[in-house]
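Reader: Hey, I've just opened this one and don't know my way around yet. Can you walk me through it?

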Amino acid sequence: MTGGGTEVLFPIGHPKYTAPEVHLSSIFVKSGPKVDIWSLGFIVAELALGKKLWVDLKLSQCIRKVISLLQCDGTVLERLAREHNCWETYEQLPSDLKDFIAACLNVSPKKRLMPKDLLNHVLFQSIQCPKEKFTAKVYNSVQNCKLQKPLLSERKLQEIYYLWQLAGGDVQSELKKQGLIRTKAPILSLPTVVLLEGTLFGQVRDQTSMLDLRVVPLPLDNLYQRLAHLPATSYYPLVEIKSDIIQTEQQLDAATLPLIIRERDTEYQFHRVVLYDRLLTGYPYKKASILKEARKDVPPIFRGDIWAALLEVAGNMEDLYISIDKETPTHMDRQIEVDIPRCHQYDELLSSCEGHKKFKRVLKAWVVSHPQYVYWQGLDSLCAPFLFLNFNKEYQAYACFSAFIPKYLHNFFLKDNSAIIQEYLAKFSHLIVFHDPALANHLASINFIPELFAIPWFLTMFSHVFPLHKIFHLWDKLLLGDASFPLYIGLSVLEQLRDTLLESGFNECILLFSDLPEIDIERCVTNSIELYCSTPRSVTYRQHELSLATSDSERSQLEISPITVAELQSEFCPRISAADVLDLLDMNHAKFSRPKVVVVDIRPPDEFHRGAVPGSVNIPYSEDAQISCLTRHKGKIMVVAGSGRGPHACEFSRRLVGEGFSRVCTLHKGVQVLRSTNILVVPNAM
Amino acid sequence: MANRGGAQRPNGSTQGKICQFKLVLLGESAVGKSSLVLRFVKGQFHEYQESTIGAAFLTQTVCLDDTTVKFEIWDTAGQERYHSLAPMYYRGAQAAIVVYDITNQDTFGRAKSWVKELQRQASPNIVIALSGNKADLANKRMVEYEEAQAYAEENGLLFMETSAKTAMNVNDIFLAIGELKQFEILLKNLSKENYLY
């Protein structure tokens, strides 16, 4: 706990009983068994001589005495006996005891014996048990508890405590049993009269409010029992198995249960804890495995570390964090100070005084270390989950926070972020149109735009919207997704409100968002993942997203290119890239048995007949063009392709959405962008 | 807008009338805008009311004499950075409550600039009320009552010191706005029927 005495500012042990070498060294000698042996010898000496030694000495004299023992002619015990006038007692001591004390009180730490050697001392010969019997006993007891005790006790204390709590352990109730928790209201323990000198009358001083050094062992029987049937191998799960013969995936009984139940299942959590403990020790080399396991779930005890791994936090963040100036007052201090005491204050940690201080440091550190950004309200909410999970590792909270923002909220905290937010919300609208035309049509008809409700959603990645326990489950999955994933979460939240929204007018809708009903997070994430998987990537393309990949130029002309926010907002449906259309057309039938996409070509027939996408439907644009022939393609992604620029594709796609078609999008740059790909054919030849 | 009560009698009686209007709260962050609304709408108070991002929307219906008044309240984010969003909420608002914190002089300065902006940008017949909130913390007062009142008179604002915590003047300030609006509507209707001008 104290790093052998090196991590605390005070010497460990009573000076009188401390070995002389400890007093002599200017820096603390690491406490260790040899120092303890000296203390043991000294205590035995006192017992043997029947006298407390150096009773009335001051501290400094006492230390001098100990040091003086370094220069004594006979044994230390002899000297002590002489000094205290008990030579007679000394003489009468059995020789093996004298020898034992001498072995302990050897002034040279090198020559002083170690505990295991001392155990072989003649003094203990009579009480030593035969070796074989002892081992047999141990073996038997190990057998009896099926290896549980020793194996479990090898786990880290925090893990055992975590599992102990899951198995029903409760420190509060244990302390209550010992009478260590005050059950009286504080006002009832106030004294009736207090004299100026400090004497109290009227109430017996409450013992529970005083320092109590009692050690209360927590009973582990319950936990042992729960884990009793587990084989020893579960304590050492195989992390990497090369052989195909051994089944790698050990299916746990609880794995299919709802998340909330899995998190409370002692045995399931035990397996997760043991596994993750090994994986995290291997981070960053085990990053891929951590990612894979995180898809299943994240055990609450390691959430902070797992998130850090998912955010690819690595390197010496502690020194970096320490080097950031978090103290010098800045102009955003007032705002941070008024925001922190309002942020997730139902939580004990975040509402504590220490929590507020940490909170302020982490936020300031982020603002100071990112001069291109400014403090926006909402950053506090965003920071809260990281701080909560890394409460005693501020630097990790900072590191995760700093890694999270560019990944999901790139440039959201610029002084002028309007372009970024407008693009984001426009994309969100497009996504609603793409997946839920009925809802989109309704919202459009009452002029209900995402600007009215979704800014706090995305600016804080829902951390301003949901309580912490929900954010944890939401972000567990969010962190596995890319920068577009939050849009799908937003859509899933809307889906849960869908029925109410559809039958509400503007005011009822906005009220619904101001006082959001319960959202089922597990359903929400499952739904988000489904939506994510069924949406072409280019539909959620954002030019303000932090782009990492640089695509080659030949392909890049098939990708989406930036358009203005005004253009984006004026369009009702999302655009799709030619590259995604090619992918979905799947000309070689490599992926799908039937194409997932139908291209609706709205060019005039003569243009269409000069070259069109195979399988495409030609509906030349006019205001009342017949679209009934598209009904049989319902469910497919419908790509409206015009001839490049011009509003026709947008107008036509809007009409399709109005008719209730889902997954409608327009082809970015029109049909001619596909010319270079050589897939266009003359329709007659199809 | 609000006069869907049918024909008005010359004496201005407005039996069974429903009056509905949009009200926006503006002011520096943490002065108590959300708390005022929460007190008025739900009669609740949270010591650590969460900060508002973007805006929140609430409604409250009250009866004034024989008129049902429905408040549609937009509660906005206080941080200066969210300023660019504010026009979206005060545009078309018929009333505004500009809030400051009596224990903080800066918030009063900020309230003044909100008033200026409203006078310039909002609809011309908007009713503006000034609320000196946190009146329960009078021992920490930094903005004198007289100072704020003088300012309010100069600019033709309704003025009250309020406390969302103790509920002091909270209903009063909303109702005062309601009455003013009602009176305004009355005047308008009267003028329509050529009793004025």
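Reader: In what order do the elements of chain B run from the N terminus on?
Author: This is a predicted model, and in it chain B goes β-α-β-β-α-β-α-β-α-β-α, starting from the N terminus.

Reader: And how many helices and strands is that in chain B?
Author: Chain B has 5 helices and 6 strands.

Reader: OK, what percentage of chain B is buried?
Author: Of the 197 residues in chain B, 44% are buried.

Reader: What about contacts in chain B, how many of them join residues at least 24 apart?
Author: If you take the contacts between residues at least 6 apart in sequence, 70% of those in chain B join residues at least 24 apart.

Reader: Switching topic: how many residues does each chain put into the contact?
Author: Chain A gives 21 residues and chain B gives 19 residues.

Reader: Which elements of chain A give two or more residues to that side?
Author: On the side of chain A that touches chain B, those are α18 (333-339), α25 (455-459) and α28 (506-514) of chain A. The largest share there comes from α28(A), with 4 residues.

Reader: What classes of residue does that side have?
Author: The side of chain A that touches chain B has 9 nonpolar residues, 9 polar ones and 3 charged ones.

Reader: One more. Which feature does UniProt place at residues 297-482 of chain A?
Author: An unreviewed UniProt entry puts "domain: Rab-GAP TBC" there, at residues 297-482 of chain A.

Reader: How much helix and strand is there over residues 297-482 of chain A?
Author: That stretch of chain A is 60% helix and 0% strand. Its end C-alpha atoms are 18 Å apart.

Definitions and conventions. Residues numbered from 1 in each chain as written. Chains lettered and ligands numbered in written order. Predicted model: local features only at pLDDT ≥ 70, side-chain atom pairs only at ≥ 80, totals over all residues. Buried ≥ 20, exposed ≤ 12 C-beta atoms within 10 Å, placed from the backbone. Contact = placed C-beta atoms within 7 Å. Nonpolar A, V, L, I, M, F, W, Y, C, P; charged D, E, K, R; others polar. UniProt positions renumbered as here; feature names shortened; annotations may be inferred.
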